[in-house]
Amino acid sequence: MTPAHQGQPLRAALALLAAALIGLTFAALATVADASPAKKTTERLVVRGEDTVKDAPCPTGVCPLELTDGAFRGTIGKGAYGGSLQLHVAEAFPNGEGGVCAPINGTITLGSGTADRLVLALWGDSCQDGAGDPKTSSFTGLAHFTVRYGTGTYAKATGSGLMSSFEDADDREHMTLIGRITK
């Protein structure tokens with residue numbers, strides 16, 4: 001064998017070894033890709049509900065409001081809901097009709113009492129419809145919401161949207177949520 005041909009078997013063996021290593025690397029990457037979590041999906045969220053608003057005294061200028069006996073229906077199904085809100089009357093401003101508006105924030109829990117709950121944080125404004133005694137008036141609310149957290153089906157959900165509400169003079173509220181949710 002000539003000196004020029006003596007290195008060929010070694011080069012061939014190194015080439016085979018390199019090819020095997022490349023193949024193993026691609027196999028390992030494919031295994032990691034197969035083990036990746038399922039792809040998340042984003043969908044429209046539309047929920048309508050009815051509840052009763054229970055007022056409490058507010059000596060500090062922040063009135064706690066509880067949403068009770070709530071029932072919802074929509075793109076995520078049907079169920080019960082409740083909420084805990086704060087109406088900031090110390091920051092009230094005129095509604096342009098002789099009544100008042102005030103900032104509002106809090107949480108709403110869709111699916112109360114179930115394993116599949118979606119907890120929403122919200123903030124916005126609530127405005128008296130017209131003028132007169134706020135205790136005997138109706139109110140319209142507009143707010144932004146974000147998904148604070150979820151459980152069960154909604155364990156890692158995210159999302160946001162808008163909420164509109166109408167509370168009549170008898171403290172019955174009609175609520176609509178429109179947005180997107182990713183789960």
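**Disulfides and selected residues of the chain**

Cys 58 and Cys 63 are joined by a disulfide, with an S to S distance of 2.1 Å. The structure is a predicted model, and the values given here are computed from its atoms. The torsion about the S-S bond of Cys 58 and Cys 63 is 45°, and the link is right-handed. The two partners fall into separate accessibility classes. Cys 58 has a relative accessibility of 27% and therefore counts as partly exposed, since the partly exposed class lies between 20% and 50%. Cys 63 has a relative accessibility of 7%, so this residue counts as buried, the cut-off for that class being under 20%.

A disulfide is also formed by Cys 101 and Cys 127, whose sulfur atoms are 2.0 Å apart. Here the torsion about the S-S bond is about 115°, so this disulfide is right-handed. The pair links distant parts of the chain: Cys 101 belongs to strand β5, residues 100-110, and Cys 127 to strand β6, residues 118-128, with their positions 26 residues apart in the numbering. Cys 101 is buried because its relative accessibility is 3%. Cys 127, at 22%, counts as partly exposed.

How many disulfides does the count give? The count comes to two disulfides. When the bonded cysteines of the protein chain are numbered in sequence order, the pairing reads 1-2, 3-4. A disulfide is a covalent bond that connects the sulfur atoms of two cysteines.

Strand β5 also holds Thr 107. Is Thr 107 buried or exposed? Thr 107 has a relative accessible area of 19%, so it is classed as buried; the class takes values under 20%. Which residues does Thr 107 touch, once its neighbours within four places in sequence are left aside? The contacts of Thr 107 include the run Gly 82, Gly 83, Ser 84 and Leu 85. Val 119, Leu 120 and Ala 121 are also in contact with Thr 107, as is Arg 148. Val 119, Leu 120 and Ala 121 have numbers that lie within strand β6, residues 118-128.

The next residues concern backbone angles. Asp 69 lies in strand β2, which covers residues 63-74. The phi of Asp 69 is near 55°, a positive value in a residue other than glycine. With a relative accessible area of 63%, Asp 69 is exposed, because the exposed class takes values over 50%.

Asp 171 likewise is not a glycine, and its phi is positive at about 70°. Where is Asp 171 found? Asp 171 sits in the loop between β8 and β9. Its relative accessibility is 25%, so Asp 171 counts as partly exposed.

The loop between β8 (158-167) and β9 (172-182) is also the place of Ala 169. At 41% relative accessibility, Ala 169 counts as partly exposed. Which residues are in contact with Ala 169, leaving aside its neighbours within four places in sequence? They are Thr 136, Ser 137 and Ser 138. For Thr 136, the C-alpha atom is separated from that of Ala 169 by 5.2 Å, while the two residues are 33 residues apart along the chain.

Key:
Residues are numbered from 1 along each chain as its sequence is written. This is a predicted model: local features need pLDDT of at least 70, side-chain atom pairs count only at pLDDT 80 or more; totals for chains, interfaces and linings use all residues. Side-chain values use heavy atoms; hydrogens and water are left out. A disulfide is a pair of cysteine sulfur atoms within 2.5 Å. Buried means under 20% relative accessible area, exposed over 50%, partly exposed in between (1.4 Å probe, protein chains only). Helices (H or I, at least four residues) and strands (E, at least two) are DSSP runs, numbered from the N terminus. Contact means heavy atoms within 4.5 Å.
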